[in-house]
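Here is a friendly walk through one protein chain, from its beginning to a few unusual backbone spots. Please have a look at the sequence and the structure first.

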Amino acid sequence: DSVDRAYFAVFDGHGGADAARYASVQVHAVAAHRPELATDPAEALRAAFRRTDEMFLWKARRERLQSGTTGVCVLIAGSTLHVAWLGDSQVLLVQQGQAVKLMEPHRPERQDEKDRIEALGGFVSHMDCWRVNGTLAVSRAIGDVFQKPYVSGEADAASRELTGSEDYLLLACDGFFDVIPHQEVADLVRSHLAGPRGSGLHVAEALVAAARERGSHDNITVVVVFLRDPRDLLESEPDAPRRS
């Protein structure tokens, strides 16, 4: 059709890489074949996560796989931004230099998640962090065959109209967000863009390095999607240093 679309995603595996690899090639493919993609993209993404979880669970039982994966994906369709997620990987929107929260990650300590898990007969306990049944630190994920249904494969989704004033999107796993607060992202990106390698091509590398320097030893995956030319971001800020 005539609608321009772009898709980006981050999957953060645990207990092995099988679930993350599987989701990275299945979620968008399943979503592309959903009949509601044209009329309700957010629901198409939710359905794609659900179906991918079902398919991977079948594979996991057959091949005795125990891995799982969180995931966050973004679909830009025309002028609308759609986000879907499972677990604690996150997407952050930066608009005119300010961080805009788009979602709430799925963690066991969230009261609604805790209530859901306990209603199913599971429990949430604290063992260095809050965990489902004393094991996983996320309450929703693709896979984790032995923790279903307590670890849910049902994604959440949200939509937002884009106005043209948005700077960029940042998708990352918890290894990044556990050590870099949302409000610091814009400063880190601005500092990188003002530097000698600040074309925007290496900004994700710089953010990964910053998380590592802060002491993160977890998986650290970062994707930055510029919605405007990175050079324009500095020029639009009157107090920002100009690069020659």
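Is Asp-1 buried or exposed? With a relative accessibility of 72%, Asp-1 counts as exposed, because the exposed class begins over 50%. Keep in mind that this is a predicted model.

**The start of the chain**

Asp-1 sits in the segment before β1 (5-14). Its side chain has partners close to it in sequence: a polar atom of the Asp-1 side chain lies 3.1 Å from the backbone nitrogen of Val-3, and the side chains of Asp-1 and Arg-5 make a polar contact at 3.0 Å. Val-30, by comparison, is 29 residues from Asp-1 in sequence, and the two C-alpha atoms are 18 Å apart in space.

**The chain as a whole**

Stepping back, the protein chain comprises 7 helices and 11 strands. Its C-alpha trace spans about 60 × 45 × 30 Å along the principal axes. The radius of gyration is 19 Å, which agrees with the value near 18 Å that a compact globule of 244 residues would have.

Inside, 50% of the 244 residues are buried. Among contacts with a separation of 6 or more, 65% are between residues 24 or more positions apart. As for the outside, the accessible surface comes to about 11,800 Å², and carbon and sulfur atoms account for 49% of that area. The charged side chains number 27 positive and 36 negative, with the centres of the two sets 4 Å apart.

**Unusual backbone spots**

Most residues other than glycine have a negative phi, and most peptide bonds are trans. Two aspartates have a positive phi here, as the table shows.

| Residue | Phi | Place | Relative accessibility |
|---|---|---|---|
| Asp-128 | about 70° | loop between β6 (124-126) and β7 (130-132) | 66%, exposed |
| Asp-144 | near 55° | loop between β8 and β9 | 5%, buried |

Asp-128 counts as exposed at 66% relative accessibility, whereas Asp-144 is buried, with a relative accessible area of 5%.

Which peptide bond is cis, with omega near 5°? That bond runs from Lys-148 to Pro-149. Pro-149 lies in the loop between β8 (142-143) and β9 (156-161), and Asp-144 also has its place in the loop between β8 and β9. That loop is a good place to pause when you look at the backbone, with the positive phi of Asp-144 and the cis bond leading into Pro-149.

Technical notes: Residues numbered from 1 in each chain as written. Predicted model: local features only at pLDDT ≥ 70, side-chain atom pairs only at ≥ 80, totals over all residues. Heavy atoms only, no water. Helix = DSSP H or I, 4+ residues; strand = E, 2+ residues; numbered from the N terminus. Buried < 20%, exposed > 50% of the residue type's maximum accessible area, 1.4 Å probe, protein only. Polar contact = N/O pair within 3.5 Å; in protein donor to acceptor, adjacent residues only side chain to side chain. Rg over C-alpha atoms; globule rule 2.2 N^0.38 Å. Contact = heavy atoms within 4.5 Å. Areas by Shrake-Rupley, 256 points an atom, 1.4 Å probe, with all protein chains shown as cover. Lys, Arg positive; Asp, Glu negative; His and termini not counted. Charge placed at Lys NZ, Arg CZ, Asp CG, Glu CD.
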